[in-house]
Amino acid sequence: MVISRFNFEEKSLNWKLQEIHLNKLTLLVGASGVGKTQMLKSIYNLKNIAEGESLNGVVWNVEFQTLDESKYIWEGEFENKGTSVIINDNDEDDKKNKSKIIFERLYLNGNLIIDRNKETILFNKIPTIKLSQQESVLSLLKEEDIVKPAFEGIKKIHFSDQSNSASLNRGFNFSFLNANKYLKKYDKLEKIQESDLDIELKLYFVYKLSGNIFSLIKERFIDIFPQVSDIKIAPLENFERGDLPDILRDYPYIQIKEKDVEHWISQNRMSSGMYRTLIQLSELCESRVEY
C-alpha cells in the first residue's frame, strides 16, 4: 500500500496536521520536538481506527493505493468529548464513554461506495443493518470484496521505533525458541509478509525460505556498511556458546561477518546503528516497498 495524501486532526488536544503529500519513500527531517513522531503516530492511528478503535475527537482524510492498484479515499470524524473522557474497567461504562462516528466515507477509484452519518450507513447506496456507531466501516465491513483491500492495506501500517535499541537486550528473543516448527506454515513470502510475527522472526523465515529476498536485504545493508561481507541467522559457533543452556544451543542469532575478521559477530555484539538499520531494511521489504 502507498499513501499519497494525508491529513489528521485531534480536536480534543487542539492538534492538527495540515494536508501532506507522500511518495513511495518519504524522509522526515527536523529538529527534536517539531512533530515528526506525532506525524508518524497519526498515520499509525489509521490502523487503530480500521481495526475498530474509537478515537476521541479525531478527524482523518487519507488517499492511498493498494497492491492491486485500487485507489481509495477514506475520511471520517469521531465526536469530540473533550479531554476529560474517563475510560473505566467496566465494559458497559467503557462502551458509553467511547466516541461515536459523526461521518465516514470511502471512495474506490473516484466512486463513493460507503456514505455514513450519525443515523445510517449506505453501502453502494443501499442502507445496511444497524451497526456499531463507535466502530469504523473498514472494521465492520472488512469482509466485503470492495472494502477488504482497503482494510488489508491500512492494516499493514507499522510504527517502528528503534531509538532505544541500544539499551535493549538484543541477544535474545523468546519468539525464536520454537521458530523451526513454524517453517512449514510460513513457506511462502506472502504468508510471512501478511503475518503478525515480530520483524526479527520474519527476517529469520525469509533467511530460511527466500534466498533472493534475504540477498536483497543483505546487499542494501552492505551498501550502507561496506566493511560487512555477509549476514546469517543461525546458532552460534562452538567457541561463542560458552555456558549456554541446552535450550539455546540451537537458538538462531542474527550474525554479521566483517572483512578481514575471522569470526562472526553475534547479534548481542552488533552496534545499535547496524541493528536498527538491518531491522528497518527488513521492514521496508516486509511492507513490499521498492527500494
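Here are three short exercises, with solutions, on a predicted model.

**Exercise 1.** In what order do the strands of the open sheet lie, and which are the edge strands?

*Solution.* Start with the pairing: strands of a sheet pair through backbone hydrogen bonds, either parallel or antiparallel. Here, 8 strands form the sheet in the order E2-E1-E3-E4-E5-E6-E7-E8, with antiparallel pairing. Next, look at the two ends of that order. Strand E2 (15-21) and strand E8 (126-127) each pair on one side only, so they are the edge strands, since two strands pair if at least two bridges are found between them.

**Exercise 2.** How many residues lie between the strands in the hairpin of E5 and E6, and how many in the hairpin of E6 and E7?

*Solution.* Begin with strand E5 (residues 101-108) and strand E6 (residues 111-116), which are antiparallel and joined by 5 bridges. Leu108 faces Asn111 in E6. Their hairpin has 2 residues between the strands, and Asn109 in the turn has a positive phi of about 50°. Now move on to strand E7 (residues 121-123), which pairs with E6 over 3 bridges. One of these partnerships links Asp115 with Leu122 in E7. The hairpin of E6 and E7 has 4 residues between its strands.

**Exercise 3.** Which residues touch the most other members of the largest nonpolar core, and which helix gives the most to this core?

*Solution.* Of the core's 34 residues, look for Phe6, Trp60, Trp74 and Ile114, which touch the most other members. Then find helix H1 (residues 36-50), the top contributor with 5 residues. H1 lies across E1, E2, E3 and strand E4 (71-78), at about 95° to E1. Finally, zoom in on Trp60: its contacts include Leu46, Ile49 and Trp74.

Note on methods: Residues numbered from 1 in each chain as written. Predicted model: local features only at pLDDT ≥ 70, side-chain atom pairs only at ≥ 80, totals over all residues. Heavy atoms only, no water. Core = buried A, V, L, I, M, F, W, Y, C linked by side-chain atoms within 4.5 Å. Buried < 20%, exposed > 50% of the residue type's maximum accessible area, 1.4 Å probe, protein only. Contact = heavy atoms within 4.5 Å. Axes fitted to C-alpha atoms, helices over the stretch in contact; angles between N-to-C directions. Lists of a residue's contacts leave out its neighbours within four places in sequence.
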